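Subject: Structure handover

Hi,

Here is the structure for you to load. My notes on the ligand site and the open spaces follow below it.

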Amino acid sequence: MTPDRIRSLAPSVLSAEQRESFFARGYLCLPGFVPRAQLLRLRAASDAAVTRTRSLVASNMDFSLDPDHTPESPRPSRLFRASDEDPAFWQYASGSPLVELAADLVGPDVRYREAYVNYKCPGSEMTVHWHQDFAFFPHTNPSVITTITYPVDVTPEMGPLMVLPESHTGEIFDHYDDAGAFKGRIGEADLARLPLDRVVSLPGPAGTVIVIDGGMVHGSRRNESERLRPALVIGYSAADAFPYVAMSPQHSDRHTWHVVRGRRPLYAHHQPLRVKVPPAWTSEDFEPIFNMQRDSETSGSA
Ligand SMILES: O=C(O)CCC(=O)C(=O)O
């Protein structure tokens, strides 16, 4: 699906202006997007996941934990495969209004990718350095999006998502280091070429949904507040965009790569894009983004 084909179809949850703004700027921030009842279910599911980490002493296939996590003072950093972990997450990821939002942006046939929750605990060092999602899972065409839902109010000091508007129209940067290790972040030399003074921070009230293009340069700072910052991340693509590599076992849930709206395509749509192929994402070489980014800490912080 190309933007021109998508434009020929009327949007259902966005206005035509919002859709144009997404194509031009690479992101939308939609406060109040999640209906109240659904928001309460998501918040309860997120809280219940935090409570489940009380039985854990170390990270596992379901949760990544902060180094100072204890069962008495639970400090998760990521819930993997949220759609499998709680029906509330899958109901949200596979239903309206989120899938309709995806359809407005990638076309009527929508492929689901993944769902996970990033938790930034108060006092946590967790920073997400500048990166582009497409570098983690390149597809045969760029009709790939990520949605971020805030189940609670996210204020500016809580480490909200930050985006560099229009960066989705440029190149997909190298996310490997000079030694050939995938670092999940854009290197210093490339960052120096980017107008990071134009970065936009996106705090928002509970129920805000942010959607970014797979090529968007984005990241987030640490949580400087006393409150937990959960962010539910759910990805989709046009159904005719096929991934080059499998998802890591940590991120691959029962529904990964399923078409959740419209029809399963019989042909892939190809659009040439130069992007390095990421690692094979076996369980052994997979690390959550903040771990793989951490051992190359430099001034390129978000
Ligand atoms: O949780 C965040 O602030 C950033 C999320 C993100 O960019 C990611 O998980 O790739």
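**Ligand contacts**

In this predicted model, an oxygen atom of the ligand lies 3.1 Å from an N or O atom in the side chain of His-218. Asn-118 puts a polar side-chain atom 2.8 Å from an oxygen atom of the ligand. For Arg-229, the distance from a side-chain N or O atom to an oxygen atom of the ligand is 2.7 Å. On its own, the ligand has 300 Å² of accessible area, and the protein covers 95% of that.

**The shell**

Which residues surround the ligand? They are Arg-78, Tyr-116, Asn-118, Lys-120, Val-128, His-131, Asp-133, Leu-161, His-218, Ser-220 and Arg-229. By class, that is 3 nonpolar, 4 polar and 4 charged residues.

Three strands each give at least two residues to this shell: β4 (110–120), β5 (128–131) and β10 (218–220). β4 supplies the largest share, with 3 residues.

**The cavity**

How many cavities of 30 Å³ or more does the structure hold? It holds 1. The ligand takes up the space of the largest cavity. The volume there is about 410 Å³.

The lining of the largest cavity has 28 residues. Nearest the centre are Arg-78, Tyr-116, His-131, Asp-133 and Ile-289. Of these, Arg-78, Tyr-116, His-131 and Asp-133 are also among the residues around the ligand.

Several elements each supply at least two lining residues: β4, β5, β6 (144–149), β10, β11 (229–238) and α8 (289–294). The lining divides into 15 nonpolar, 8 polar and 5 charged residues.

**The pocket**

There is also a pocket to look at. The largest pocket has a volume of about 390 Å³. It is lined by 21 residues. Pro-3, Pro-142, Ser-143, His-168 and Asp-213 lie nearest its centre. The elements giving two or more residues to this lining are α1 (3–7), α2 (16–25), α6 (98–106) and β6. β6 also supplies at least two residues to the lining of the largest cavity.

By class, the pocket lining has 13 nonpolar, 7 polar and 1 charged residues.

**In brief**

The ligand occupies the largest cavity. Asn-118, His-218 and Arg-229 each place a side-chain N or O atom by a ligand oxygen at the distances given above. The protein covers 95% of the ligand's accessible area.

Best wishes

Conventions
Residues numbered from 1 in each chain as written. Predicted model: local features only at pLDDT ≥ 70, side-chain atom pairs only at ≥ 80, totals over all residues. Heavy atoms only, no water. Near = heavy atom within 4 Å. Polar contact = N/O pair within 3.5 Å; in protein donor to acceptor, adjacent residues only side chain to side chain. Areas by Shrake-Rupley, 256 points an atom, 1.4 Å probe, with all protein chains shown as cover. 1 Å grid on protein atoms, 1.4 Å probe; cavity = no way out; pocket = protein on both sides within 12 Å on 5 of 7 lines; lining within 4 Å. Sits in = over half its atoms within 2 Å of the grid points. Helix = DSSP H or I, 4+ residues; strand = E, 2+ residues; numbered from the N terminus. Nonpolar A, V, L, I, M, F, W, Y, C, P; charged D, E, K, R; others polar. Points joined across faces, edges and corners; volume = space filled by probe spheres on them.
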